[in-house]
Amino acid sequence: MQAVRVMNVRREVWPKPLTRRVLTIANQKGGVGKTTTTVNVAMALAQHGLNVLVIDLDPQGNASTALGVAHAVGTPGTYDVLLGSDALRDVQVPVEAAPSLYCVPATIDLAGADIELASQVAREYRLKRAIASYDFDVDYILIDCPPALGLLTLNALVAGEEILIPIQCEYYALEGLAQLLNTVELVKSQLNAELEVSSVLLTMYDSRTKLADQVADEVRRHFGPKVLKSVIPRNVRVSEAPGFGQTVMTYDAGSRGAIGYLEAARELAERGRPADAAPAEHAAAPAAPDHATSDQFGPDGTQEGQS
Ligand SMILES: Nc1ncnc2c1ncn2[C@@H]1O[C@H](COP(=O)(O)OP(=O)(O)OP(=O)(O)O)[C@@H](O)[C@H]1O
Ligand SMILES: [Mg+2]
């Protein structure tokens, strides 16, 4: 029954955004489902007629692994874009499982990028510039961030206009969120006035526990309609998929995890960019200061006072 539903859904073509959407998937808390969300939403969008680029910005290279893309040391990828002169287009790799999905792989070289970037000119704008000159025809760019608020994540926050925050329905789920939101506000006021938290996704939801419901309620109270209606259940097929170099969308399309991500991706596509849906509100957003600086960020680009 479930498989039939998925097959029917797959015949749909989801709406293309008016212009390319750049979504940063961020939460400095580790293991909350950032990578899983990035690759599965990307695959779902690609399976529904949209052209998608995933930028793996995490030295762990988990998004590259899940998309079946090589990322051994020496593979050209995100590092060469941020610290060399490679264009995104030159280092992107087609994902075998979906003809309209590409990935810029991350190698372990990226582990030193925070320190290497610190002494560079316009260190926060490297990714933004690379994306601005990326002329490949994609509808979505999804950026998978590492679990830290260092220069790599800062580059993503400056480059994108929308943030998608995955929140795990577990103890301490909201821990650190204030720090993330504070960083977002700082970036917004100094480096990227367009930035906004557009969506929050509840991940690894276990319907058998009261705690999951409590966390979900609290997140919905705090973020209101930004929280996607679709919730991703905890599902073993989701965690098995990367071991086969796959997303759960291709590994087991009928699984509860795949259906959850399918619904979440559809919701994202149908909602569109918040700025397109509410132009009046967008126009009223505070403008960037004339002299945007990164003074409030420390020498390594992270917010000062942040551990
Ligand atoms: N819905 C789910 N059901 C079961 N396991 C899941 C689910 N979502 C994610 N996982 C597993 O939880 C772990 C953490 O997920 P993931 O790697 O996506 O988190 P992350 O936020 O990207 O982590 P990091 O901060 O290290 O980058 C992985 O082993 C993943 O396979
Ligand atoms: Mg990850």
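I count a residue as near a molecule when its C-beta atom, placed from the backbone, lies within 6 Å of it. I am working on a predicted model.

**Entry 1: overall make-up**

I started with the protein chain as a whole. Its secondary structure comes to 15 helices and seven strands. I then looked up burial. Of the 307 residues in the chain, 47% count as buried. Next I checked how far contacts reach along the sequence. Taking contacts between residues at least 6 apart, 79% join residues at least 24 apart.

**Entry 2: ligand 1**

Which residues come nearest to ligand 1? I find K34, T35, T36, P147 and S239, out of 20 residues around the ligand. I then asked which elements give two or more residues to this shell. They are α2 (34-47) and α11 (236-240). The largest share is three residues, and it comes from α2. I also sorted the shell by class. I get 11 polar residues, six nonpolar and three charged.

**Entry 3: α2 against α13**

I stayed with α2 and turned to its packing. Its axis comes within 9 Å of the axis of helix α13 (residues 256-271), and the two cross at roughly 70 degrees. Angles of 65 to 115 degrees count as roughly perpendicular, so α2 is roughly perpendicular to α13. The crossing of α2 past α13 is right-handed.

Which residues make this contact? On the α2 side I note N40, V41, A44 and L45. On the α13 side I note Y261, L262, A264, A265, L268 and A269. By class, the contact has nine nonpolar residues, one polar and no charged. A general point on spacing belongs here. An α-helix has 3.6 residues a turn, so residues three or four places apart point the same way.

**Entry 4: helix α8**

How many residues of helix α8 (residues 151-159) are buried? Nine of the nine are, so the rest of the structure largely encloses this helix. I list them as L151, L152, T153, L154, N155, A156, L157, V158 and A159. I then looked up their packing partners. The buried residues of α8 pack against two strands, β1 (21-25) and β5 (140-144). They also pack against the helices α4 (78-83), α6 (113-118), α7 (126-132) and α9 (177-190).

**Entry 5: Q246**

I find Q246 in the loop between α11 and α12 (248-251). Is Q246 buried or exposed? A residue is buried if 20 or more other C-beta atoms lie within 10 Å of its own. Q246 has 20 such atoms, so it is buried. I looked for its contacts, leaving out residues up to four places away in sequence. Q246 touches A66, G68, A97, A241 and Y251. I also took one C-alpha distance. Q246 and A63 are 183 residues apart along the chain, yet their C-alpha atoms are separated by 9.8 Å.

**Entry 6: T250**

I moved on to T250, which sits in helix α12. T250 has 19 other C-beta atoms within 10 Å, so it is partly exposed. Setting aside neighbours within four places in sequence, T250 is in contact with M43 and A97. The C-alpha atoms of T250 and M43 are separated by 8.4 Å, with their positions 207 residues apart along the chain.

**Entry 7: Y102**

I find Y102 in strand β4 (residues 101-104). Y102 is buried, because 25 other C-beta atoms lie within 10 Å. Which residues does Y102 touch, not counting those up to four places away in sequence? They are L53, Q92, V93, P94 and V95. I checked the C-alpha distance to L53. Y102 and L53 are 4.8 Å apart in space and 49 residues apart in sequence.

**Entry 8: positive phi angles**

Last, I looked up two backbone angles. Phi of A122 is near 50 degrees, a positive value in a residue other than glycine. A122 is found in the loop between α6 and α7. Is A122 buried or exposed? With 11 other C-beta atoms within 10 Å, A122 is exposed.

Y172 is also a residue other than glycine with a positive phi, near 60 degrees. I place Y172 in the loop between β6 (162-168) and α9. Y172 has 9 C-beta neighbours inside 10 Å, so it counts as exposed.

Note on methods: Residues numbered from 1 in each chain as written. Chains lettered and ligands numbered in written order. Predicted model: local features only at pLDDT ≥ 70, side-chain atom pairs only at ≥ 80, totals over all residues. Helix = DSSP H or I, 4+ residues; strand = E, 2+ residues; numbered from the N terminus. Nonpolar A, V, L, I, M, F, W, Y, C, P; charged D, E, K, R; others polar. Axes fitted to C-alpha atoms, helices over the stretch in contact; angles between N-to-C directions. Parallel < 35°, antiparallel > 145°, perpendicular 65-115°, else oblique. Left-handed = near helix turned anticlockwise from the far one by under 90°. Contact = placed C-beta atoms within 7 Å. Buried ≥ 20, exposed ≤ 12 C-beta atoms within 10 Å, placed from the backbone.
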